[in-house]
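Here is a set of questions and answers for someone meeting this structure for the first time. Please keep the sequence and the structure in view while reading.

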Amino acid sequence: MANWLAHARFIIGALALLFVVAMAAPASAQQRNPDNSTNPTASAVKEDQLLQQMKIISGRGTIPDTKSYNIEQPAGRDWRDFHQYTLPWIGTIAIVGMLAVLVLFYLIRGMVRIEHGRSGRTIVRFNAFERFVHWMAATCFIVLGISGLNITFGRPLLLPLLGLENFSAWSQWAKYAHNYLSFPFTIGVVMIFLMWIAGNIPNNVDVEWVKRGGGIVGDDHPPAYRFNAGQKMIYWIVVLGGTAMAVSGYLLMFPFYVTDVVGMQWAQIVHGIVAVLFVAAMLGHIYIGTIGMEGAFEAMGTGEVDVNWAKEHHSLWLEEERARTGPNQAQPQPHATPAE
Amino acid sequence: MKAFLSACVVIVVIAVGAAVVLDKINKPADEAFASPSSVRI
């Protein structure tokens, strides 16, 4: 008898367990509406289900602007992944990669010297206004670059060195500088575009210049007008990159005036990618304009370059200038010094 | 050098001018949060 009762208890227990499991399954199904859409009021509904179904999770608020009710959207997660992981990687590869290439190039090639030495006579390459515009854009770019890179790399690189309070103060001032220097930078880019567009239209001479590697390897000096193909490339990077930076930057600086939150996420993605590539390209420009080539800095320093430098790097431009002003217009330069 | 220094002066003038103008456009928090289109989040 006792044995039979024990069996009966076992069977009843098993049936009770089956009943509980059977009842639990419909409870899960209740999270969906009859049309198979998610019921957001179901108690056990998951965040992912909500996002998949509704694309955006909104709450309730007391602020009149209903945009503030949006709590979460799937694109926000992609954007967060981009600026936390993808952008730092792109930036590191572009900037550190460019620095590595430049260091390696300098160690192998060294400074590109004026092959025939300085002539002691100079010719005006950029007038005062052109140099003013160049330095306006360049100075702003350096500050914008450093303050912008702080947004992506400041936390891992500077925070441990500066500490919380100092890093906060630095980042706040860097952000002010980033916002307000964008205006003179944009003006500078527009002026650069207008000022040098005529000399930066690609032509057949550029094809030959590129074929001969720009004369950067060996002692070759392919002919070039006022701007060679490399300089034209820098010009278009500045004009197109600067425009992309300005447009995407102002979309972020004036949120919701032109675009919604998804548009601003795209603006930040464009701003970030173009910025790190822009910085990498300008590192190359700064290198060749300073330690990479003898006599190059003088073009933007004093505005005058040695005639032999012009002959070797911009022979067609020198011919044009001589045809325009006469062969004896070059200024004697009694105290010629190298650019290094 | 003169071109560079002139550029620096003009940069500061434009940046400060932009800061002053934008500061005037900027709404105070109590006004912005009472507006249906001015919340910046």
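The turns below go through a predicted model, beginning with its chains and ending with single residues.

Q: How many helices and strands does the secondary structure of chain A come to?
A: Chain A has 340 residues, and 38% of them count as buried. Among its contacts between residues at least 6 apart in sequence, 71% join residues at least 24 apart. The secondary structure of this chain comes to 13 helices and five strands.

Q: What is the area buried between chain B and chain A?
A: The size of an interface is often given as the accessible area lost when the parts come together. Here the contact takes 22 residues from chain B and 23 residues from chain A. Carbon and sulfur atoms give 78% of the buried area, which comes to about 1800 Å².

Q: Which classes of residue make up the side of chain B that touches chain A?
A: Between the two chains the count is zero salt bridges, and the count of residue pairs in polar contact, with both residues at pLDDT 80 or more, is zero as well. By class, the side of chain B that touches chain A has one charged, four polar and 17 nonpolar residues.

Q: How far apart are the end C-alpha atoms of helix α1 of chain B?
A: Helix α1 of chain B takes in residues 2–25, which makes 24 residues. At 1.5 Å a residue the helix should span 34 Å, and this agrees with the distance between its end C-alpha atoms, 35 Å.

Q: Which helices of chain A are included in what covers the buried residues of α1(B)?
A: In α1(B), the buried residues are Ala3(B), Ala7(B), Ile11(B), Ala15(B), Ala18(B) and Leu22(B). What covers them includes four helices of chain A, namely α4 (128–157), α6 (164–180), α7 (182–196) and α9 (229–253).

Q: Is Glu294(A), which forms a salt bridge with Arg118(A), buried or exposed?
A: The closest N and O atoms of Arg118(A) and Glu294(A) are 3.7 Å apart. This pair links distant parts of the chain, 176 residues apart, with Arg118(A) in the loop between α3 and β3 and Glu294(A) in the loop between α10 and α11. Arg118(A) counts as partly exposed because its relative accessibility is 22%. Glu294(A) has a relative accessibility of 10%, so this residue counts as buried.

Q: How many residues apart in sequence are the parts that Arg226(A) and Glu130(A) tie together?
A: Arg226(A) forms a salt bridge with Glu130(A), and their closest N and O atoms are 3.0 Å apart. Because Arg226(A) lies in the loop between α8 and α9 of chain A and Glu130(A) in helix α4 of chain A, the pair ties together parts that are 96 residues apart.

Q: What is the relative accessibility of Arg212(A), the salt-bridge partner of Glu208(A)?
A: The closest N and O atoms of Glu208(A) and Arg212(A) are 3.6 Å apart. Glu208(A) is partly exposed, with a relative accessible area of 35%. Arg212(A) also counts as partly exposed, at a relative accessibility of 31%.

Q: Which residues is Thr152(A) in contact with, leaving aside its neighbours within four places in sequence?
A: Thr152(A) has its place in helix α4 of chain A. Its relative accessibility is 19%, and buried means under 20%, so Thr152(A) counts as buried. Leaving aside neighbours within four places in sequence, Thr152(A) is in contact with Leu87(A) and Pro88(A).

Definitions and conventions. Residues are numbered from 1 along each chain as its sequence is written. Chains are lettered from A and ligands numbered from 1 in the order in which they are written. This is a predicted model: local features need pLDDT of at least 70, side-chain atom pairs count only at pLDDT 80 or more; totals for chains, interfaces and linings use all residues. Side-chain values use heavy atoms; hydrogens and water are left out. Contact means heavy atoms within 4.5 Å. Buried area is the accessible area (1.4 Å probe) that two parts lose on being put together, summed over both. A salt bridge is a side-chain nitrogen of Lys or Arg within 4 Å of a carboxyl oxygen of Asp or Glu. A polar contact is a pair of N or O atoms within 3.5 Å; within protein, one must be able to donate a hydrogen and the other to accept it, and residues adjacent in sequence count only if both atoms are side-chain atoms. Ala, Val, Leu, Ile, Met, Phe, Trp, Tyr, Cys and Pro count as nonpolar, Asp, Glu, Lys and Arg as charged, and the others, Gly among them, as polar. Helices (H or I, at least four residues) and strands (E, at least two) are DSSP runs, numbered from the N terminus. The expected span of a helix is 1.5 Å times one less than its number of residues. Buried means under 20% relative accessible area, exposed over 50%, partly exposed in between (1.4 Å probe, protein chains only).
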